Amino acid sequence: MIEGWGRAENYKEAEWYYHELKGLGFKPNSSNLYTMIHLQAKYADEEDAARILDDMKKMGCQYSSVLGTLLQAYERAGRIDRMPLILKGSFYEHVLVNQTSCSILVMAYVKHCLVDDAIKVLQEKHWKDIIFEDNLYHLVICSCKELGHLENAVKIYNQMPNKKPNLHIMCTMIDIYSTLGRFSEAENLYLELKSSEISLDMIAFSIAVRMYVKSGSLKDACSVLETLDEQKNIVPDIYLFRDMLRIYQQCGMLDKLRDLYYRILKSGVTWDAEMYNCVINCCSCALPVDELSRLFDEMLSRGFSPNTITFNVMLDVYGKSRLFTKARKVLWLARKRGLVDAISYNTIIAAYGQSKDIKKMLSTVREMQFNGFSVSLEVYNCLLDSYGKEGQLESFRNFLRRMKESSCASDHYTYNIMINIYGEQGWIEEVANVLTELKESGLGPDLCSYNTLIKAYGIAGMVEDAVVLVKEMRENGIQPDRITYTNLINALRKNDEFLEAVKWSLWMKQMGL
């Protein structure tokens, strides 16, 4: 009857038969106790549950088994928060003495965000086993991390009684602090770990690298990698290799990229699609075009699919090397796989522009539009630059008009192209109009604009205005570079201002340019 009413979820009837059973001098079996525990978890208060626990204790049930049953029942009932009120007396004392029971209870509390209760159990425990305790804290902190309860992990870590450096716990906390954006605390832990007698492993270095990358401190990330290079017994895994590639690429360290690439080849690491994509994307400026081409072909032959960025990188590599047959093949393959984007067309059009192949540029623009892409600002800039440098000024003006009609806003590059083309023609009035438009647009001249203007003023014989521009640059917080002074000196020489040209040349040498 207890079992029947239990299955019917009728706690009152089941409880009545349970008391009748005991009153008649019979002992409840384990199934009866299990049924009553689950019913009380849903419908009863803590006192009723405590009475059942006493019965289970009198019957000789193992504490660890009872604890597991209780936790399962109260978890199912969604009332795990009642557990601290139920676990009292000798039962709670057992939990504090027994390492396994203590671990089970703490993990259950953490799972349900009862962090204060978990910390209370850990602080009141009677057993002493530093290794087991560290492992338990690490397990608890990792559980918080996996559940997304990062602040709870921090709270538990700060309550740890034994704060001796522990590689696994500290690495996990560095990762957690990094995720929370608390980089100073993450770095302090790394520095503490580094200064300890503990030998860092590959995972520790990986976490430290990612911490500095997330914080935006690539210089410090490189410093960690230098320390890693000194550890001859540590071989990076595929994930750390990819992190290293991305860091060196962002820092523009081409020699490091080249050396790392050949180190990866010798490491015997198994390449996957992501590795091929990462190497091609990061090493495009560090490796010869033949090697990149071999890698790309190998990737395809092994059945791996390049992503859009990889296709665009190969378009850029082949375009700059004037390997247009291969570039067109890459574009065709990307289009076939549905991975072409506007950048793909921008890249190959720019490559045709650098080769002064206006006919191919125009046919690719038409293809771009046919495939549903709008002509981008980058494409307009390439067309304007090519037509201007080829002296086809009528076509230059036509595309400039079409660009404005399409509501495509000009950028610094557009204005600088216009200044350069008009300046080369000696059309100083048009240059002045472009400069006015540039200032009114809210962009204002940049370093390239000033350098181009100085060159234009030199062609027009306006050397005094060119000199004034250098002063204006400094007033606007733009530091002149080598091109600035070279353009100014050439302008002075062209207009027979040889003494002034010598003065600026000496000034340039003093500046170390």
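1. A word on terms before we start: a residue is called buried when its relative accessible area is under 20%, and exposed when that figure is over 50%. Please also keep in mind that this is a predicted model. With that settled, helix 8 is a good place to begin, and its buried residues are Ser101, Cys102, Ser103, Leu105, Val106, Ala108, Tyr109 and Val110. The cover over these buried residues includes helix 5 (63-76), helix 6 (83-86), helix 7 (89-97), helix 9 (115-124), helix 10 (130-147) and helix 11.

2. The ends of helix 8 deserve a look too. At the N-terminal end, Asn98 acts as a cap, with a side-chain oxygen 3.0 Å from the backbone nitrogen of Thr100. After the helix comes Cys113, which has a positive phi, near 65°. As for length, helix 8 covers residues 99-111, and its 13 residues should span 18 Å at 1.5 Å a residue; the end C-alpha atoms are indeed 18 Å apart.

3. Stepping back to the overall fold, you will see helices and no strands: the protein chain has 31 helices and 0 strands. The radius of gyration of the chain is 36 Å, whereas a compact globule of 513 residues would have one near 24 Å. Along the principal axes, the C-alpha atoms fill a box of roughly 120 × 55 × 50 Å.

4. Here is how the chain divides between inside and outside. Of the 513 residues, 46% are buried. The accessible surface comes to about 26300 Å², and carbon and sulfur atoms account for 51% of that area. Among contacts with a separation of 6 or more, 59% are between residues 24 or more positions apart.

5. Helix 13 makes a nice companion to helix 8. Helix 13 takes in residues 183-195, 13 residues in total, and reaches 18 Å from its first C-alpha to its last, close to the 18 Å expected. Which residues of helix 13 are buried? They are Ala186, Leu189, Tyr190 and Leu193. These residues lie on the same side of helix 13, because they cover an arc of only 100° around the axis. The spacing fits a general rule: an α-helix has 3.6 residues a turn, so residues three or four places apart point the same way. The partners packed against the buried residues of helix 13 are helix 11 (150-158), helix 12 (167-179), helix 14 (202-215) and helix 15 (218-230).

6. Two loop residues have backbone angles that you may want to look at in the viewer. Ser407 is not a glycine, yet its phi is positive, at about 60°. Ser407 sits in the loop between helix 25 (393-405) and helix 26 (412-425). With a relative accessible area of 68%, Ser407 is exposed. Asp496, also a residue other than glycine, has a positive phi near 60°. You will find Asp496 in the loop between helix 30 (482-494) and helix 31 (498-510), and its relative accessibility of 56% makes it exposed.

7. Thr484 belongs to helix 30. Is Thr484 buried or exposed? Its relative accessibility is 0%, so Thr484 counts as buried. Leaving aside residues up to four places away in sequence, Thr484 touches Leu447, Asn451, Ile454, Val470 and Met473. With one of these, Asn451, the contact is polar: the two side chains come to 2.5 Å. For a sense of scale, Thr484 and Asn10 are 474 residues apart in sequence, and their C-alpha atoms are 90 Å apart in space.

8. Ser293 is a polar residue to inspect in helix 19 (residues 289-301). Its relative accessibility is 6%, so Ser293 counts as buried. What does the side chain of Ser293 join in a polar contact? The partner is the side chain of Tyr318, at 2.8 Å. Beyond residues up to four places away in sequence, Ser293 touches Met314, Tyr318 and Lys326.

9. Last on my list is Asn281, found in helix 18 (residues 273-282). At 15% relative accessibility, Asn281 counts as buried. The side chain of Asn281 reaches the backbone oxygen of Asn277 at 2.9 Å. Its contacts, not counting residues up to four places away in sequence, are with Gln249, Asn307, Ile309, Thr310 and Val313.

How values were computed:
Residues numbered from 1 in each chain as written. Predicted model: local features only at pLDDT ≥ 70, side-chain atom pairs only at ≥ 80, totals over all residues. Heavy atoms only, no water. Helix = DSSP H or I, 4+ residues; strand = E, 2+ residues; numbered from the N terminus. Expected span 1.5 Å × (residues − 1). Buried < 20%, exposed > 50% of the residue type's maximum accessible area, 1.4 Å probe, protein only. Arc of directions from axis to C-beta. Contact = heavy atoms within 4.5 Å. Rg over C-alpha atoms; globule rule 2.2 N^0.38 Å. Areas by Shrake-Rupley, 256 points an atom, 1.4 Å probe, with all protein chains shown as cover. Polar contact = N/O pair within 3.5 Å; in protein donor to acceptor, adjacent residues only side chain to side chain.
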